Amino acid sequence: MKFIQLYGDRGLTIVKGEDQYVWDINGTRYLDLHTGIGVAFLGHRNRRVIEYLSRQMENIMTLSTSFSTPIRDEMLKELDPLKPDKMDNIILLNSGTEAVEAALKTARKITGRKKIVAFKNSFHGRTAGSLSVTWNRRYREPFEPLMSPVQFLTYNNIDELKNIDEQTAAVIVEPIQGESGVIPANEDFIKALREQTQKVGALLVVDEVQTGFGRTGKVWAYQHYGIIPDLLTAGKAIGGGFPVSALFLPDWIAEKLEEGDHGSTYGGNPMAIAAVTAASKVLKEDNVIEQASIKGEIFKKILQEKLSDLKSVREIRGKGLMIGIEIRFPPAIALKVMQDERVLALKAGSTVIRFLAPYMITQSDMEEASNAARKGIIETENKRATG
Ligand SMILES: Cc1ncc(COP(=O)(O)O)c(C=O)c1O
C-alpha cells in the first residue's frame, strides 16, 4: 500500500508533540509554527483537551446527534460567551470545507437565490461547493463545472462591491486571506461589504476556518472590523487538535432549517464535542486571546528587527499570531533551511512564509524563528545570486 501525498513531503517523521514543540523519530526537537496548518493553536496535547477527550472516551465515543448527551450541554455552556455576535446556534461538522458547504447551502435555501460572490485569491476548501468559491484555478479548473453562478470580485476593492446584487444569495469572505498570503481585509472594505450585502438582502458569510478562535487577537477576526456577519464558519483551532468544524447561525436563519437540509454521520460526535468544550475552556482560562494579541505584536517587532534590512523582504504583516513574511521569491528553499534550523513554518501564496504560532510561544521561540527565517532568506538570496 502506498500513501498518496497530496500536500508535498517535508521529509520528516514526527513522533511526538508537546505545546509549541514536536519531536522527530531521532529525538530532535522542532519549534512548530506550522501547527498542522493552523490546527494546534492551543498547542500539542493541550492538558485540558487530553483531560476532556480521555474522560469522554471512557464514557462514549460515538453517538448520533439524534440522541442527547451531557457533554453537549456542557459545550453549549462553555461556548456561549465565545459565540459570534447574535449567533446562538451551531451545527457541528468535521472539516473546514464541510462548514463552508453548509454555509453556502444555508444561504441558498434562506434567500431562494443562487448566485454566490467570492473574492480573488480566496481559499475556502476543496469539496465541490467550497472549491467553486476558491480562486486558485489550478485547484478548480480540472473539476469544472462546479457550483454556479459564482462571481469573483477583487479583495479590498470597494468599487466592485456594486456587483453584489438582488440575485446574490451570499458573499463569502475571509477576514484575512490565509492560504493566498496572509492578506488582511481593510476596515473600509469590510464595512462597505456589510452595507452592500444588507442593502440587497444577500447573506454575509465570514469564513473563519483559519482566522477564528483567538488566533488574530479577537475570538473571531471579524470583530476587528466593527461589523456583524450573518453566518460564520470555523474549524482548525476550535477542536484543540481534534478534527471538528462548525457553522454558527443566528436564530432567524436557524429557524428556517429543516431536518434533512444538511447532515454528516460524524458531525457533532461526542469526542469532537468534548474537544470543543475543552478548547473553549482553555481560551477563557488561559487568556489566549490577550496572549495572541500581545505576542503577535512582539513577534512582528522581532521579525522587523531581524529581517527588515534584507532586500528581498517586502513586508511583514498579519494580525495576532497569524503572520506572513512576503519575500521576492518562492519560500521553498527558505522553509527547508528553517526546518534544518529546527523551525517549522509553511508557505502561503507563492511568495509568503507563514507562521501560525500556538499561543504559548515564548519570546525566545520568536527569536529562534526570526533567526531561522533570516538564515533561510539569506541562503535563498545567495543561491539565486549564484544561479
Ligand atoms: C479560510 C479557509 N476555509 C476553509 C478551509 C478548508 O478547511 P479544511 O481543510 O479543514 O477542509 C481552509 C483551510 O485551510 C481555510 O483556510
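The following conversation introduces a predicted model, moving from its ligand to its sheets and helices.

User: Let us start with the ligand. Which residues come nearest to it?
Analyst: There are 15 residues around the ligand, and those that come nearest are Gly 96, Thr 97, Gly 125, Val 209 and Gln 210.

User: Which helix gives the most to that shell?
Analyst: Helix H4, residues 96-111, gives the most, with three residues.

User: And how do the shell residues divide by character?
Analyst: Eight of the shell residues are polar, four are nonpolar and three are charged.

User: Moving on to the sheets. What is the strand order in the sheet of seven strands?
Analyst: The order is S4-S12-S11-S10-S7-S5-S6, in an open sheet with mixed pairing.

User: Which strands stand at the edges there?
Analyst: Strand S4 (89-93) and strand S6 (150-153) do. Each has a single partner strand, so one side of each is left without a neighbour in the sheet. On average, neighbouring strands of this sheet are turned by 20 degrees against each other, direction ignored.

User: How do S7 and S10 run, parallel or antiparallel?
Analyst: Strand S7 (residues 168-173) and strand S10 (residues 203-208) run parallel and are joined by four bridges. Within this pair, Ala 170 has Leu 203 in S10 as its bridge partner.

User: What about the sheet of four strands, what is its order?
Analyst: That sheet is also open. Its order is S13-S14-S17-S16, and the pairing is antiparallel.

User: Why is one side of S13 and of S16 left without a neighbour in the sheet?
Analyst: Strand S13 (313-319) and strand S16 (346-348) stand at the edges with a single partner strand each, so one side of each has no neighbour in the sheet. The average turn between neighbouring strands here is 30 degrees, direction ignored.

User: How many bridges are there between S13 and S14?
Analyst: Six bridges pair S13 with strand S14 (residues 322-327) in the antiparallel sense. Glu 315 has Glu 326 in S14 as its bridge partner, and Gly 318 is matched with Ile 323 in S14. The two strands form a hairpin with two residues between them, and Gly 320 in the turn has a positive phi of about 55 degrees.

User: Is S14 mostly covered or exposed?
Analyst: S14 is mostly covered, as five of its six residues are buried. On to its pairing with strand S17 (residues 352-356): five bridges join the two strands, which run antiparallel. Gly 324 has Arg 354 in S17 as its bridge partner.

User: Now a single residue. Where is the place of Lys 319?
Analyst: Lys 319 belongs to strand S13.

User: Does it count as buried or exposed?
Analyst: Lys 319 counts as buried because it has 22 C-beta neighbours inside 10 Å, and the cut-off for buried is 20 or more.

User: Which residues is Lys 319 in contact with, leaving aside its neighbours within four places in sequence?
Analyst: They are Ile 176, Pro 184, Thr 216, Gly 217, Ala 221, His 224 and Gly 296. As for Val 244, it lies 75 residues from Lys 319 in sequence and 24 Å from it in space, C-alpha to C-alpha.

User: Which strands does helix H10 lie across?
Analyst: H10 lies across S13 and S14, running at about 175 degrees to S13.

User: At what angle do H10 and H12 cross?
Analyst: The axes of helix H10 (residues 288-307) and helix H12 (residues 363-385) cross at roughly 35 degrees and come within 9 Å. The crossing of H10 past H12 is right-handed.

User: Which residues meet there?
Analyst: From H10 there are Ile 298, Phe 299, Ile 302, Leu 303, Lys 306 and Leu 307. They meet Gln 363, Met 366, Glu 367, Ser 370, Asn 371, Ala 373, Arg 374 and Ile 377 in H12. Eight residues of this contact are nonpolar, three are polar and three are charged.

User: Last topic. How do S2 and S3 pair, and over how many bridges?
Analyst: Strand S2 (residues 21-24) and strand S3 (residues 29-32) pair in the antiparallel sense over three bridges. Tyr 21 stands opposite Leu 31 in S3. These strands form a hairpin with four residues between them, where Gly 27 in the turn has a positive phi of about 85 degrees.

User: Which way do S3 and S15 run, parallel or antiparallel?
Analyst: S3 and strand S15 (residues 343-344) run parallel, joined by two bridges. Asp 32 has Leu 344 in S15 as its bridge partner.

Key
Residues numbered from 1 in each chain as written. Predicted model: local features only at pLDDT ≥ 70, side-chain atom pairs only at ≥ 80, totals over all residues. Near = placed C-beta within 6 Å. Nonpolar A, V, L, I, M, F, W, Y, C, P; charged D, E, K, R; others polar. Axes fitted to C-alpha atoms, helices over the stretch in contact; angles between N-to-C directions. Left-handed = near helix turned anticlockwise from the far one by under 90°. Contact = placed C-beta atoms within 7 Å. Pairing = 2+ DSSP bridges. Buried ≥ 20, exposed ≤ 12 C-beta atoms within 10 Å, placed from the backbone.
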